[in-house]
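I opened my notebook to look for empty space in this protein. Below are my entries, in the order I made them.

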Amino acid sequence: MHVFGVIVWLGGLMFQSAIAAPVAQAEGEIAKAALRKMSSRFIGFIWMSVWTVAVTGVLMMLLNPQFEWFRYHNTWSKLLGFKQLIFLLMIFYAFGYARMLSYLNTPVSNGGFDEKAVLYRHRLNQFRKISIALGIVALLLAAGM
Ligand code: HEM
């Protein structure tokens, strides 16, 4: 379940970044608006993944003999500690991502090209790429555990 949560989260962001966004960029405004709607719908899956990864992660952590209450004294717990920090960072970016998307899907920003909407469109791509990079680092830390 833990790995499944990670696959849905990272897989969805990668699909949006590498497949959907470039196609929508080339296809014009209607496709871009459709992508924003799809990205908004995916937000629910991000939160489901966040909870799945968090709950299963804590369970596995508590059941692992290498875990001593917040003592990062061996490689396993140090890697886990860094992974937890990255996880919190990814949640921070997910909140920002969800907030910007909900603004961009309001009629005001969607119709016109107000300054904030232009900035948010640019930031959305940035936040997606940063989240993917953080997720890959967390995967590498997990492989080292
Ligand atoms: C985006 C963040 C995360 C990613 C990408 C991630 C990824 C993974 C992966 C791929 C594994 C399986 C490793 C294996 O089977 O060899 C794993 C195991 C594990 N993860 Fe995570 N995880 C994340 C967040 C967390 C969090 C937040 C916690 C704790 C609160 C956690 C605790 C654990 C534990 C305890 C294991 C088992 C390690 C072991 O068997 O020795 N993970 N994680």
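**Entry 1: the largest pocket.** I began with the largest pocket of this predicted model, and I noted about 510 Å³ of space in it. I then looked up its lining and found 24 residues, with H2, V53, G57, K83 and F87 closest to the centre of the pocket. Next I asked myself which helix gives the most to this lining. I found that helix 3 does, with seven residues. Helix 1, helix 2, helix 3 and helix 5 each bring at least two residues to the lining. I also sorted the lining by class, and wrote down 19 nonpolar, four polar and one charged residues.

**Entry 2: the second largest pocket.** I moved on to the second largest pocket, where I noted about 250 Å³ of space. Its lining has 13 residues, and Q25, K32, R36, R121 and N125 are the ones nearest its centre. I looked up the elements that give two or more residues to this lining, and they are helix 1, helix 2 and helix 5. How do the lining residues of the second largest pocket divide by class? I wrote down four nonpolar, four polar and five charged residues.

**Entry 3: a cavity.** I wanted to know how many cavities of 30 Å³ or more a search of the whole structure finds. The search gives one. For the largest cavity I noted a volume of about 50 Å³. I listed its lining as W9, L13, I46, M90, Y93, A94, Y97, F127, R128 and S131. Helix 1, helix 3 and helix 5 each supply at least two residues of that lining, and helix 3 has the largest share, with four residues. By class, I have eight nonpolar, one polar and one charged residues around the cavity.

**Entry 4: S131.** I picked S131 from the cavity lining for a closer look. S131 sits in helix 5. Is S131 buried or exposed? I found a relative accessible area of 6% for S131, so this residue is buried, as the cut-off for buried is under 20%. When I set aside the neighbours of S131 within four places in sequence, its contacts were L10, L13, M90 and Y93.

**Entry 5: the nonpolar core.** I looked up the largest nonpolar core and counted 29 residues in the record of it, with W9, L13, I46 and Y97 having the most contacts inside. Helix 1 (2-27), helix 2, helix 3 (75-104) and helix 5 (115-144) each supply at least two residues of this core. Helix 3 gives the most, with 13 residues. I followed L13 a little further: beyond its neighbours within four places in sequence, L13 is in contact with F42, I46, Y97, R128, S131 and I132. I was pleased to meet L13 again, since I had already written this residue into the lining of the largest cavity.

**Entry 6: T56.** My last stop was T56, which I found in helix 2 (residues 29-63). Why do I call T56 buried? The relative accessible area of T56 is 17%, and buried means under 20%. I then checked the side chain of T56, and found one of its polar atoms 2.5 Å from the backbone oxygen of T52. Setting aside neighbours within four places in sequence, I noted that T56 is in contact with M1 and H2. I had met H2 before, among the residues closest to the centre of the largest pocket.

Terms used: Residues numbered from 1 in each chain as written. Predicted model: local features only at pLDDT ≥ 70, side-chain atom pairs only at ≥ 80, totals over all residues. Heavy atoms only, no water. Buried < 20%, exposed > 50% of the residue type's maximum accessible area, 1.4 Å probe, protein only. Polar contact = N/O pair within 3.5 Å; in protein donor to acceptor, adjacent residues only side chain to side chain. Contact = heavy atoms within 4.5 Å. Core = buried A, V, L, I, M, F, W, Y, C linked by side-chain atoms within 4.5 Å. 1 Å grid on protein atoms, 1.4 Å probe; cavity = no way out; pocket = protein on both sides within 12 Å on 5 of 7 lines; lining within 4 Å. Points joined across faces, edges and corners; volume = space filled by probe spheres on them. Nonpolar A, V, L, I, M, F, W, Y, C, P; charged D, E, K, R; others polar.
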